[in-house]
Amino acid sequence: MRLGIHLTTFNHPEDPAGLAAELAATGRAAEAAGAETLSVMDHYFQMEQNGRAEHPMLEGYTTLGFLAAHTTSTRLGLLVTGVTYRHPGLLAKIVTTLDVLSGGRAFLGIGAAWYDREHRGLGVPYPSTAERFERLEETLRICRQMWDPADNGPFEGRHFQLAETLNSPPAMSSPRPKVLIGGGGERKTLRLVAQYADACNLFATSPEEVAHKLSVLDAHCADLGRDPAEVQRTMLYRSEALNDGDLDQAAKDLAVYAELGISTVILVPPGQGSPAEWIERRCVPLAPKLAELG
């Protein structure tokens with residue numbers, strides 16, 4: 001089982017003056033822990049279930065660009081980009097730029113978006129759920145076309161029309177940046193994973209629920225004629241045992257998910273204190289235990 005780190009808060013005693021140094025230290029700590037991925041949220045406002053909307057929230061891709069300059073090996077992406085936040089042609093260009101400047105370490109994490117307050121707050125259109133999923137599928141198709149150097153032609157969709165899908169310089173990742181779709185919706189989200197994504201991302205609700213979601217994903221793959229083994233299974237995980245320093249118990253809890261096929265566990269530092277210090281204390285010693293699982 002591989003390790004990922006996901007940042008959900010940007011609180012700092014010297015906010016905002018201390019944020020840059022803390023982020024740089026967090027990037028170094030994540031690499032010291034051997035993290036496969038380092039991700040941040042893609043929100044305009046802090047999620048209300050994670051604090052208050054007024055709490056600090058950095059723009060996602062600007063933050064990843066900063067982290068690219070302070071890391072050398074870990075892959076970088078948002079967990080996950082809301083499809084409504086950026087026009088898909090621009091989104092593909094942004095991820096490509098991150099990929100080029102990080103030396104081929106970008107991935108596209110994407111989902112259908114859900115936080116209506118931040119959309120209303122900043123005047124960003126927030127279509128119906130059905131339309132957001134339609135836009136998500138078109139966005140996935142546009143990104144694929146933008147990352148295909150042999151196809152600079154137009155794209156004609158219901159919601160998006162692009163006269164050209166020119167994207168220069170091209171991404172460094174081969175054959176393209178990996179795509180991760182977040183969410184466990186069984187009818188739409190997991191089917192889009194089976195059709196377009198290199199990875200899924202689920203919440204660690206319970207081993208039974210995760211097993212069920214993975215079985216639904218496998219069924220969609222079968223319907224589409226895709227080998228389920230081609231889809232990396234990742235999971236977002238918060239651990240009281242880990243926060244308490246009981247690394248053996250945390251590894252034991254995660255072993256159950258590893259047996260289900262989860263290959264990457266993405267851990268979330270607590271909202272208070274230094275995420276860099278938390279990674280050094282908890283994730284660096286946990287990583288060897290995770291490597292033994294699977």
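**Close-up views of salt bridges and cysteines**

**View A. A network of salt bridges links E48, R52, E54 and R117.** In this predicted model, one of the contacts within the network joins R52 to E54, whose closest N and O atoms lie 3.6 Å apart. The glutamate of this pair, E54, is exposed, its relative accessible area being 55%. The structure as a whole holds 15 salt bridges, and the views that follow show further examples, including one inside a helix and one between two helices.

**View B. E209 and K213 form a salt bridge within helix 7.** Helix 7 spans residues 207-224, and the two partners are placed four residues apart along this helix, a spacing of about one turn. The closest N and O atoms of E209 and K213 are separated by 3.6 Å. The two side chains can also be described by their accessibility: E209 is partly exposed, with a relative accessibility of 32%, whereas K213, with a relative accessible area of 15%, is buried, because the cut-off for a buried residue is under 20% relative accessible area.

**View C. A salt bridge joins K289 to D248, with 2.9 Å between the closest N and O atoms.** This pair connects distant parts of the chain, since K289 belongs to helix 10 (residues 275-291) and D248 to helix 9 (residues 247-260), the two residues being 41 residues apart. On the helix 10 side, K289 is partly exposed, with a relative accessible area of 28%. On the helix 9 side, D248 has a relative accessible area of 54% and is exposed, because a residue counts as exposed when this value is over 50%.

**View D. The surroundings of C221 illustrate a structure that holds zero disulfides.** A disulfide is a covalent bond between the sulfur atoms of two cysteines. For C221, the closest cysteine sulfur is that of C200, and the distance of 9.1 Å between the two sulfur atoms is too far for a bond, because a disulfide requires a pair of cysteine sulfur atoms within 2.5 Å. C221 is moreover buried, with a relative accessibility of 0%.

**View E. C283 is a buried cysteine.** The relative accessibility computed for C283 is 0%, and this cysteine, too, belongs to a structure in which the number of disulfides is zero.

Definitions and conventions. Residues numbered from 1 in each chain as written. Predicted model: local features only at pLDDT ≥ 70, side-chain atom pairs only at ≥ 80, totals over all residues. Heavy atoms only, no water. Salt bridge = Lys/Arg side-chain N within 4 Å of Asp/Glu carboxyl O. Buried < 20%, exposed > 50% of the residue type's maximum accessible area, 1.4 Å probe, protein only.
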